[in-house]
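Hi,

Here is the structure I promised to pass on. Have a look at it first, and my notes follow underneath.

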Amino acid sequence: MNKALKLGIKLLIITAVSALVLAFTNSVTDPIIKKAEKEKLNESLKIAFPEGKSFEEVKGKFPDSVKGVYKADGDKGYVFDVNAKGGYGGDIEFIVGVDKENKLTGFSPLKHSESAGFGLQMEEDWFKKGVKGVSMDKKVGASETGSENEIVGISGATYSTNAILSGINTARDVLKELK
């Protein structure tokens, strides 16, 4: 056998063994990762809707940016898992809760790549408090101080704020269809 063929066979064996090891590792870690993601989702659902004890997933055809809709304790309200496009660092996935009076009950970011000092402020308590109580009866906007239909915007993070608003208003559209 010539050298090139031997080398090719060796590389094929090494590649096959590596693929088998990776497949085995994935099969072992996949359930662990899914369990951790589910626990994080459940924790976020409770942050977004503190009054809720149990959450039932609502099935339906929703916009692509709505990853999940959950009904809280039968009919106390809804929680939306939204993946909003257009953040400064890319998509922003977050959970937002809405009560029977169409008021936001909470906000919990799940995944994002926003910049420290600006978009990352969405994880801070002052921002989360600025979302609570905002009415979704009309299109939700943002301002420096917030109001009945405005969340408190993040100064210097227009892309992040606009992505979050887009996601909240998409959830508002879905909410209107659910009622």
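The hairpin of β4 and β5 has four residues between its strands, and N102 there takes a positive phi near 65°. This is a predicted model, by the way, so please read everything below in that light. The two strands of that hairpin, β4 and β5, are antiparallel and pair over six bridges. One facing pair to look for is F94, which stands opposite P109 in β5. As for β4 itself, the strand is mostly covered, with eight of its ten residues buried.

While you are on β5, click on G106, which lies in that strand. G106 counts as buried because its relative accessibility is 1%, and the cut-off for buried is under 20%. Leaving out neighbours within four places in sequence, the contacts of G106 are I47, A48, I95, V96, G97 and K132. For a sense of scale, the C-alpha atoms of G106 and A16 are separated by 49 Å, with their positions 90 residues apart along the chain.

Moving back along the chain, β3 pairs with strands on either side of the numbering. Nine bridges join β3 to β4, and the two run antiparallel; the hairpin that links them does so through two residues. Two of the pairings here are V79 with G97 in β4 and G77 with D99, also in β4. With β2, the pairing of β3 is again antiparallel, over six bridges, and Y70 has V79 as its bridge partner in β3. So V79 is a handy residue to centre on if you want to see β3 from both directions: Y70 is its partner on one hand, and G97 on the other. β3 is mostly covered too, with nine of its eleven residues buried.

The β2 and β3 hairpin has four residues between the strands, and D73 in the turn has a positive phi of about 45°. G74 is in the loop between those strands as well. Is G74 buried or partly exposed? It counts as partly exposed, because its relative accessibility is 43%. G74 and T161 are 87 residues apart in sequence, and their C-alpha atoms are 31 Å apart in space.

Now the inside. The largest nonpolar core holds 29 residues, and the members that touch the most others are F80, F94, L104, F127, I151, I164 and I168. At least two residues of this core come from each of β2 (66-72), β3 (77-87), β4 (90-99), β5 (104-111), α2 (125-131) and α3 (158-178). α3 gives the largest share, seven residues. As general background, nonpolar side chains in soluble globular proteins tend to be buried together.

F80 is a good place to start exploring that core. Setting aside residues up to four places away in sequence, F80 touches G68, V69, F94, I95, V96, V98, A171, V174, L175 and L178. Apart from the largest core lies another one, of ten residues, including L45, F49, F55 and Y70. That last residue is the Y70 that has V79 as its bridge partner in β3.

Helix α3 also carries N162. N162 is partly exposed, because its relative accessible area is 43%, and that falls between the 20% and 50% cut-offs. Measuring aside, a simple computed distance places N162 and P109 15 Å apart, C-alpha to C-alpha, with the two 53 residues apart in sequence.

Last, the pocket. What lines the largest pocket? The lining residues are K34, E37, K38, K40, L41, K67, D81, E93, L110 and K111. By class, that lining has eight charged and two nonpolar residues, and no polar ones. Two elements, α1 (3-48) and β5, give two or more residues to the lining, and α1 provides the largest share, five residues. The space in this pocket comes to about 230 Å³.

That is what I have so far. Shout if anything is unclear.

Best wishes

Key. Residues are numbered from 1 along each chain as its sequence is written. This is a predicted model: local features need pLDDT of at least 70, side-chain atom pairs count only at pLDDT 80 or more; totals for chains, interfaces and linings use all residues. Side-chain values use heavy atoms; hydrogens and water are left out. A nonpolar core is a set of buried Ala, Val, Leu, Ile, Met, Phe, Trp, Tyr and Cys residues joined through side-chain atoms within 4.5 Å. Buried means under 20% relative accessible area, exposed over 50%, partly exposed in between (1.4 Å probe, protein chains only). Contact means heavy atoms within 4.5 Å. On a 1 Å grid over the protein atoms alone, a cavity is a set of points where a 1.4 Å probe fits but cannot get out, and a pocket is an open set with protein on both sides within 12 Å along at least five of seven lines; lining residues have an atom within 4 Å of a point. Grid points are joined across faces, edges and corners, and a volume is the space filled by probe spheres set on the points. Ala, Val, Leu, Ile, Met, Phe, Trp, Tyr, Cys and Pro count as nonpolar, Asp, Glu, Lys and Arg as charged, and the others, Gly among them, as polar. Two strands pair if DSSP finds at least two bridges between them.
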